[in-house]
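Please look over the model below. Then read on for a short tour of its residues and contacts.

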Amino acid sequence: MNLQNIEEAWRIKCKGVKAQNEASSAQDVQKELDELKLHYKRLKEEHDTFRDLADRMIEEKDKEIYKLLDDNKDLHQSLESRPPVDHNGNHYTRMNPFLLPLVSTSIAMQKQDAQNLSTSAAEQQILLLARQQAQKEEELAQSQWHILALQEEIEELECENRLHSQQQREANWLLD
């Protein structure tokens, strides 16, 4: 009888230690899962904030591009509407008719040079803005990839948690 009591006491202690160990393990897994969910939520908020910022920046750059294009168009119209002027600032209204074609050609070349410079500057600005936009899109894609990786990790932990809970139930059923 004494041996049976000792054996029963050890069985009770063993069950208690097993239950305590399983509860501690389940709490650790649950705690880790909760931390990952919180981390995911923060990253999602950060991603949304970043996306909003990127969208606003893109809109601002688009407005800036359209403004530059409009300014460029206005400058071209202004240049075309001006009367020809020599280097001293004199208008060519009373010019020798034989020199007029030469002056007109010179003015046309100056206008073309001004157009080319203006167009070149606008193209450079557009290319710069396009590069910046591409960089922001790359950063956004990296953030999205990171969020997907965290989602997968959360799913794996949830699966492990369910499996662990199922094993605990089976172990408890066997002990009972």
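Start with Ile-65. Its relative accessibility is 18%, so Ile-65 counts as buried. The cut-off for buried is under 20% relative accessible area. Keep in mind that this is a predicted model.

**Helix α1**

Ile-65 lies in helix α1. This helix covers residues 2-81, which is 80 residues. From its first C-alpha to its last, α1 reaches 117 Å. That is close to the 118 Å expected at 1.5 Å a residue.

Which residues of α1 are buried? Ile-65 is on the list, together with Glu-22, Ala-26, Val-29, Leu-33, Leu-36, Leu-43, His-47, Ala-54, Asn-72 and His-76. Asn-72 has a relative accessibility of 12%, so it counts as buried.

**Contacts far apart in sequence**

Some residues lie far apart along the chain, yet their C-alpha atoms can be compared in space. Take Ile-65 again. Ile-65 and Gln-125 are 60 residues apart in sequence, and their C-alpha atoms are 7.9 Å apart. The table lists further pairs of this kind.

| Pair | Separation in sequence | C-alpha to C-alpha distance |
|---|---|---|
| Asn-72 and Thr-119 | 47 residues | 7.6 Å |
| Gln-133 and Ala-54 | 79 residues | 8.2 Å |
| Arg-162 and Ala-26 | 136 residues | 9.7 Å |

Now place some of these residues. Asn-72 is in helix α1. Gln-133 sits in helix α2. Arg-162 is found in α2 too. Helix α2 covers residues 100-175.

How open are the two α2 residues to the surroundings? Gln-133 has 31% relative accessibility, so it counts as partly exposed. Arg-162 reaches 53%, which means that it is exposed. The cut-off for exposed is over 50%. Ala-26, the partner of Arg-162 in the table, is one of the buried residues of α1. Ala-54, listed with Gln-133, is buried in α1 as well.

**Salt bridges**

How many salt bridges does a search of the whole structure find? The search finds six. Side chains of opposite charge can pair when their charged atoms come close.

One bridge joins Lys-37 and Glu-158. Their closest N and O atoms are 3.7 Å apart. Why does this pair tie together distant parts of the sequence? Lys-37 lies in helix α1 and Glu-158 in helix α2, so the bridge links parts that are 121 residues apart in sequence. Lys-37 has a relative accessible area of 37%, so it is partly exposed. Glu-158 is partly exposed too, at 25%.

Other bridges stay within α1. Arg-51 and Asp-55 meet in one, at 3.5 Å from N to O. Both residues lie in α1, four residues apart, which is about one turn of the helix. Arg-51 is partly exposed at 34% relative accessibility. Asp-55 is partly exposed with a relative accessible area of 31%.

Lys-61 and Glu-64 form another salt bridge, with their closest N and O atoms 3.7 Å apart. They are three residues apart in helix α1, so about one helical turn separates them. Lys-61 counts as partly exposed at 29% relative accessibility. Glu-64 counts as partly exposed at 32%.

Why do such spacings suit a helix? An α-helix has 3.6 residues a turn, so residues three or four places apart point the same way.

There is also a network. Glu-7, Glu-8 and Arg-11 are linked in it by salt bridges.

**Rings and a nonpolar patch**

How many aromatic pairs does a search of the whole structure find? It finds zero. A ring does have a charged neighbour, though. Lys-13 lies over the face of Trp-10, at 5.0 Å from the ring centre.

Which residues form a nonpolar patch on the surface? They are Tyr-66, Leu-69 and Ile-126. Together they have about 290 Å² of accessible area. Ile-126 is found in helix α2. Its relative accessibility is 34%, so Ile-126 counts as partly exposed.

**In brief**

Ile-65 is buried in α1, while Ile-126 in α2 belongs to a surface patch. The salt bridge of Lys-37 and Glu-158 ties α1 to α2.

Conventions
Residues are numbered from 1 along each chain as its sequence is written. This is a predicted model: local features need pLDDT of at least 70, side-chain atom pairs count only at pLDDT 80 or more; totals for chains, interfaces and linings use all residues. Side-chain values use heavy atoms; hydrogens and water are left out. Rings of Phe, Tyr and Trp (its six-membered ring) pair if their centres lie within 6.5 Å; planes under 30 degrees apart count as stacked, over 60 as edge-to-face and the rest as tilted. A charge sits over a ring if NZ of Lys or CZ of Arg is within 6 Å of the ring centre and within 35 degrees of the ring normal. Helices (H or I, at least four residues) and strands (E, at least two) are DSSP runs, numbered from the N terminus. The expected span of a helix is 1.5 Å times one less than its number of residues. Buried means under 20% relative accessible area, exposed over 50%, partly exposed in between (1.4 Å probe, protein chains only). Patches are made of residues with over 30% relative accessible area and no salt bridge: like charges are joined within 9 Å, nonpolar side chains (Val, Leu, Ile, Met, Phe, Trp, Tyr) within 5 Å. Accessible areas come from the Shrake-Rupley method with a 1.4 Å probe; for residues, only the protein chains shown count as cover. A salt bridge is a side-chain nitrogen of Lys or Arg within 4 Å of a carboxyl oxygen of Asp or Glu.
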